[in-house]
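Please look through the structure below with the following paragraphs at hand. They go from one part to the next and explain some terms on the way.

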Amino acid sequence: MSSAFANVESSLTGRRWIGLPNEILRQGLAISQELQLPEIVSRVIATQGIQREHAQSFLDAKIKTLMPNPKSFKDVEKAAKRLIDAINKKQNIAIFSDYDVDGAASGALLHNWFKELGISCTIYIPDRIKEGFGPNSTAMKKLSKTHDLIICLDSGTVAFESILAAKPTDVIVVDHHLAEETLPDAFAIVNPNRQDEMGRFRYLCATGMLFILLVEANTQLKNNNSKTPNLLKFLDLVALATIADVAPLVGLNRAFVKQGLIVMATRTNPGLNSLCDVCKLTSPPSAYDLGFLLGPRINAGGRIGSAKLGIELLVAQTDFEAEIIANKLNVLNIERREIEKRVLEDANNQLSARDLNSPLLWASKEGWHPGVVGIVAARIKEKHNRPAIVISLENGLGSGSARSIKGIDIGSAVTRLTRENLIIKGGGHSMAAGLSLTNDQIPKAMERLTSLLVANGADNIPPADLTITGLLMCRAATEDLVLNFERAGPFGASAPAPKIALLNQKILFSKRAGENHLRLTVSDDSGGKIDVIAFKAFDTPIGEALENHNGLRFHLVGQLQIDDWGGRKRVKFNLQDAALAK
């Protein structure tokens with residue numbers, strides 16, 4: 001085992017700090033010499049597997065060079081023809097979309113595309129609590145009576161009975177969740193995770209897959225000399241969904257987000273514009289803002305309020321309408337955080353009574369709000385570096401959400417439980433899944449799921465490491481350096497933001513901010529100093545150690561950001577971990 005970075009074997013959060021492999025360092029140096037970039041920035045490009053000769057095109061990240069031929073996907077050409085046929089015949093069209101951000105964004109994208117072609121659609125969003133995830137037979141049968149075409153977005157790949165219930169109405173599925181060996185009897189199923197797909201684009205979310213389908217539809221319309229909507233102006237929706245659904249920021253996804261952030265900065269979508277105002281964003285939104293500020297608020301409606309609020313915001317036509325909805329979602333998000341806090345406390349009490357080193361951490365309770373179980377599972381997963389499931393029970397019927405770590409496929413395991421009749425239904429993808437089961441099924445289902453995850457390596461999960469991109473002196477943390485880092489972004493799943501180390505820092509100032517945040521000003525031996533923000537510092541040992549530092553020095557790890565609060569730009573340090581300097 002190589003030596004720890006800065007000799008930190010166990011930080012204040014219990015992580016071992018490690019440096020980048022020598023191969024990445026060499027490749028980063030080569031990219032730095034090729035592009036005349038700071039070497040620490042070039043290392044970020046190298047960590048994503050980019051070779052020197054491809055580094056410039058990586059930075060440019062153009063959609064047109066990364067976009068596949070839409071016809072290379074199963075059923076895309078067929079589905080596009082059916083969309084155009086519905087337009088030409090002015091048929092009644094229903095959009096059945098999921099209640100999360102990917103569902104809302106894909107529903108809004110399709111709705112707005114049809115609207116520009118003079119077609120109005122019915123939008124149906126299922127109630128998370130009453131109807132659960134995906135198409136249900138009752139809703140599909142009802143929609144089929146008054147519609148000629150139903151398009152299921154971000155769900156439907158395993159909805160066999162529900163799609164049959166819609167007969168004779170045609171159903172098109174545009175999804176990204178894992179498919180089984182057989183597919184429902186739909187008119188078309190467009191999904192990069194079909195088992196008969198080529199597999200290169202399995203990382204797409206539903207909105208990204210829908211965008212590709214609409215590219216093909218636009219092509220067919222142009223071939224018939226028909227007008228076509230400008231899809232590029234909808235890339236803000238694709239970027240939002242890609243980030244919020246934690247889709248890997250590689251290849252085409254990275255280009256979607258990079259261009260989508262540029263579109264979002266124009267604030268042409270009234271709903272997103274109002275939501276940015278609610279979040280008090282004074283600068284162009286970043287990938288972080290999409291994932292941690294905008295996304296949770298759009299999700300809040302589906303979690304604890306009206307499931308349609310998210311998509312209603314994204315299709316709003318006026319600033320007045322959008323402002324009302326954005327404020328509603330903001331209030332619901334505040335309520336969601338309070339509910340989440342109570343459920344997390346209960347779940348942690350259960351977990352403390354069990355083995356926290358188990359391959360699977362799970363908790364269940366009657367009366368937990370089902371809208372927050374996914375967030376709570378994610379919190380547990382992040383804290384303990386273990387796959388986690390949290391189940392809400394009501395009258396003995398459970399609704400659960402699962403979250404996993406890299407390398408442990410939770411979606412396939414949950415799907416297998418369904419096939420083995422150990423749960424009522426379930427499915428998802430490698431990092432997240434949903435399931436329905438009875439209280440009586442929980443013990444055997446969790447036991448079986450644990451064994452499946454053990455076979456996938458979950459019994460040998462090493463302690464979480466923290467990989468450091470490189471170290472800086474405070475004086476080197478300039479605005480130009482941050483802008484160069486941003487060129488190597490956006491950052492998110494499978495494209496981690498650079499983690500910078502500031503070593504041997506003296507704490508000049510410390511003050512609590514809110515309930516559990518901490519503000520600092522630190523300085524090193526170069527004489528430079530930098531402002532630091534440590535979000536949720538008092539949820540970990542970091543808060544107390546740095547607040548009560550007693551003159552001790554610390555190594556800090558985090559990310560550089562530009563803070564333009566009050567109209568004055570300055571570089572700040574977003575702290576993620578710390579260790580006592582010895």
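Tyr288 is found in helix H13, which covers residues 287-304. The model is a predicted one. With a relative accessible area of 39%, Tyr288 is partly exposed, because this class lies between buried, under 20%, and exposed, over 50%. Together with Phe292 and Phe535, Tyr288 forms a nonpolar patch on the surface. The accessible area of Tyr288, Phe292 and Phe535 together is about 330 Å².

Next comes a sheet. Strands of a sheet pair through backbone hydrogen bonds, and the pairing is either parallel or antiparallel. Here, 5 strands make an open sheet with mixed pairing, in the order E7-E8-E9-E11-E10. Which strands stand at the edges? They are E7 (361-366) and E10 (425-429), and each has a single partner strand, so one side of each is left without a neighbour in the sheet. From one strand to the next, the twist averages 15°.

The edge strand E10 can be followed in more detail. Its partner E11 (residues 432-438) runs antiparallel to E10, and 5 bridges join the two. The connection between E10 and E11 is a hairpin through 2 residues. Two of the positions that face each other can be named: His429 stands opposite Ala432 in E11, and Gly426 has Leu435 in E11 as its bridge partner.

The side chains of such a strand follow a rule. In a regular strand they alternate between the two faces of the sheet. E10 shows this alternation: Gly426 and Gly428 point to one face and are buried. Lys425, Gly427 and His429 point to the other face and are not buried.

Now turn to helix H10, residues 235-244. Is this helix largely enclosed or largely open? Of its 10 residues, 9 are buried, so H10 is largely enclosed by the rest of the structure. The buried residues are Leu235, Asp236, Leu237, Val238, Ala239, Leu240, Ala241, Thr242 and Ile243. After H10 comes Val246, which has a positive phi near 55°.

Positive phi values are found in loops too. Asn225 is not a glycine, yet its phi is positive, about 60°. Asn225 sits in the loop between helix H9 (206-223) and H10. Its relative accessibility is 74%, so Asn225 counts as exposed. Asn550 is also not a glycine and has a positive phi, of about 55°. The loop that holds Asn550 runs between helix H20 (541-547) and strand E17 (553-563). At 72% relative accessibility, Asn550 counts as exposed.

The last topic is the peptide bond. Where do cis peptide bonds occur? One joins Lys167 and Pro168, with omega about 5°. Pro168 is placed in the loop between helix H8 (160-165) and strand E5 (170-174). Another cis bond leads from Gly489 to Pro490, and its omega is near 5°. Pro490 is placed in the loop between helix H19 (479-487) and strand E14 (500-513).

Key. Residues numbered from 1 in each chain as written. Predicted model: local features only at pLDDT ≥ 70, side-chain atom pairs only at ≥ 80, totals over all residues. Heavy atoms only, no water. Patch = residues over 30% accessible without salt bridge, like charges linked within 9 Å, V, L, I, M, F, W, Y side chains within 5 Å. Areas by Shrake-Rupley, 256 points an atom, 1.4 Å probe, with all protein chains shown as cover. Salt bridge = Lys/Arg side-chain N within 4 Å of Asp/Glu carboxyl O. Helix = DSSP H or I, 4+ residues; strand = E, 2+ residues; numbered from the N terminus. Buried < 20%, exposed > 50% of the residue type's maximum accessible area, 1.4 Å probe, protein only. Pairing = 2+ DSSP bridges. Axes fitted to C-alpha atoms, helices over the stretch in contact; angles between N-to-C directions.
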